[in-house]
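Visitor: Please show me the structure, and let me ask how its descriptions are justified.

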Amino acid sequence: MEYYDLLFSEIKVGNHTVKNRIVSSAHGEGLAKDGLIDEKFIRYYERKAMGGAGIIFTCGSGTVYEKASHPKYVSLWNSKNEPYFIELTKRVHTHGAIILAQATHKGRRISSKMTGYPIQGPSDIPESLNGEIPKVLSKDEIKEIIQSYVSAAQRLEKCGFDGIEITSYGGHLIEQFWSPVINNRDDEYGGDITGRMRFSVEIIEEIYKAVSENFIISFRMTGDPKTDTIGLSQEDMIEIARRLENLNKIDLFNISGSTGNTLELQAGTIPPDPYPLGCYNDISKRMKEVLSTPVMVAGRILHPKQAEEALKLGDCDLVAMTRAIIADPNMPNLASRGESKQIRPCIGTNQGCIGRTYVGLAIGCVVNPAISDDTLYDMAPVVNKRKVVIVGGGPAGMEAARVSAQRGHQVILFERSSKLGGQVNYGVKQPNRQNYGLHLDWLKRELERLQVEVKLYVEVTVDDILHTSPDTVVISTGAKSIIPIEDKNVETLCTTDTEVLDGKVNDIKGKNVLVYDRGARRGGYIANYLAEAGAAKVELLSTRQTVCEELDSTNQPSMYRSLAKNGVIYHANQLLHGVRDGTIVIQDAWSEQQRTADDMDLIVFAGFSKSNIDLAEELKIRKLGIDVHIIGDSVTPRTMSDAVSEGVKLGNKIGSSISDSPRDMSFNLK
């Protein structure tokens, strides 16, 4: 067992003693409705407190100013939130955690389509991401915004919050004022560093005067923008932090890297799997060396061992482990008990968490569907124990097995191949997905701990199933990759991305390869794999408006960088138009111009799949009177998130008083 003495030591923040160094930092959860929170919002943060985190920051990008409000961000200015704030803080405090709320004005970093008002900024310089020209803030408006911060702080303290976090991070309004590129004012809020910092200084000073000495003031900022596009260097940020600390009014600095000025820089504010673990520890360490105020670091610290090491090395005083806590809210409790192997790991895809909020959806998690449906945390022990037979050991089948066994059922899991994991086993072989298989490793450990009987190398028949005398059968046989054309008429070798990753295609080196991507997710990964395997030329074609369109916006920049680095040529809007004279024909969707692939040595199809339903169909035909459920890609090919979610949901329902079927995703053959 591993123990983490520093991680679970107390620390003084302001006038509060925090029970450990683990923090859930403020993040967009997309749970507000027209800026108002509700019971689901409260439970989301209460669960983090129950799990043992020392400090919980809520209300990511909480809005202080009505004319800069986003309907999915919490409106700190709205008094209608007060009863819910009071209930939230009461529940969090019950579990011994400290609670703060983040407060901001996003300035030009928001859209007028969301606010209903012109966006605002220190100057009329548009941002590259949304292109809107901001209305230049007048001095009266600046004073009004400063007062809105003060009012938000007073409301939060009245409702039981232990503090407020003022944020400049990600290119919000405060950082816009700091930037000599974005701020070209010639009044007292522009000019030299003193003038450009005046807005942030006045916010801090006015809040400090308006709250009690027990109310924590935290400040969130980048320690290095990682760009010269905003005119601020790492040394500039250190100087800004020094000046802020010299006000003697800040109790905690929350440090990360990057900013929000471009798509790539914005991705760096929520770094996904291609970024190294602890990617901003060096930045926080620089800050800690010059500041006497406690310093927290945020940026891909995903395991207690990693957090303990950061504390030992003096990188920080507190550790934000936000996505790790999303993946497993009980992570702090498990780590404190020496049960780290039971912690469900974050795999860093961002597809389920920030990727959802960026398209207007509520937060979820690829590996923890209870984030979207918190009733899934409540695994009621079974009253009537069943023998559950699961066919197919991909993520859907493994999750169904895990949850069924956790609840007390006897579970047998069949897998026809040599190892569990299904298509995830292909994903871990792709470039820049070093942590993709962590959830799979965790599931294997959990199945062993829960004594699930796993049978590998078994091609199961209906008679095999009947021989086990099951009460419930789960079909999770997944999907197979297919070639979408009659390739026997194609002279060029045709294959699938999974066959390439499985090592079934030899002599890639020196070949010209065409990758044809249907789903706009897998094609980029296999194109990079082929290029790095030594292909002479790799061309990626997509049916979508852009290549890799289904990747969320935090993963796209690193993907495009990799494609460029590897010399991959790519084109979007390319439609498969059949076979002619022994070669496939591709047609541009808009020009309708056609081309052939006769100059290629290999054609790889990515994202073309077909459900494996033969066993399910046979069970249906034979009408055996057994409860049978189909989940995951056996229903229709989709994502890992869908597979995990359906496995967990079904595992919770088997043998319970509620319907055994996860919403239209299974059939009952009784």
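Guide: The questions below concern confidence, cores and one helix pair.

Guide: This is a predicted model, in which local features need pLDDT of at least 70 and side-chain atom pairs count only at pLDDT 80 or more, while totals for chains, interfaces and linings use all residues. Residues are numbered from 1 along each chain as its sequence is written, and side-chain values use heavy atoms, leaving out hydrogens and water.

Visitor: How do you know what confidence the predictor has in the chain?

Guide: pLDDT is the predictor's confidence in each residue, from 0 to 100. The chain averages 95, and 98% of the residues score at least 70. Over residues 659-670, however, pLDDT stays under 50. Where pLDDT is low, the predicted coordinates should not be read in detail.

Visitor: What makes a set of residues a nonpolar core?

Guide: Its members are buried Ala, Val, Leu, Ile, Met, Phe, Trp, Tyr and Cys residues joined through side-chain atoms within 4.5 Å; buried means under 20% relative accessible area, with a 1.4 Å probe and protein chains only. The largest such core has 130 residues, of which Phe199 and Leu244 touch the most other members. Helix H4 (residues 139-158) gives the most to this core, with 8 residues; helices are DSSP runs of H or I, at least four residues, numbered from the N terminus. Apart from it lies another core of 23 residues, including Val500 and Tyr525.

Visitor: Why are Gly524 in H19 and its partners said to meet H20?

Guide: Contact means heavy atoms within 4.5 Å. Gly524, Tyr525, Ala527 and Asn528 in H19 meet Met559, Ser562 and Leu563 in H20, so these residues satisfy that definition.

Technical notes
Buried < 20%, exposed > 50% of the residue type's maximum accessible area, 1.4 Å probe, protein only. Helix = DSSP H or I, 4+ residues; strand = E, 2+ residues; numbered from the N terminus.
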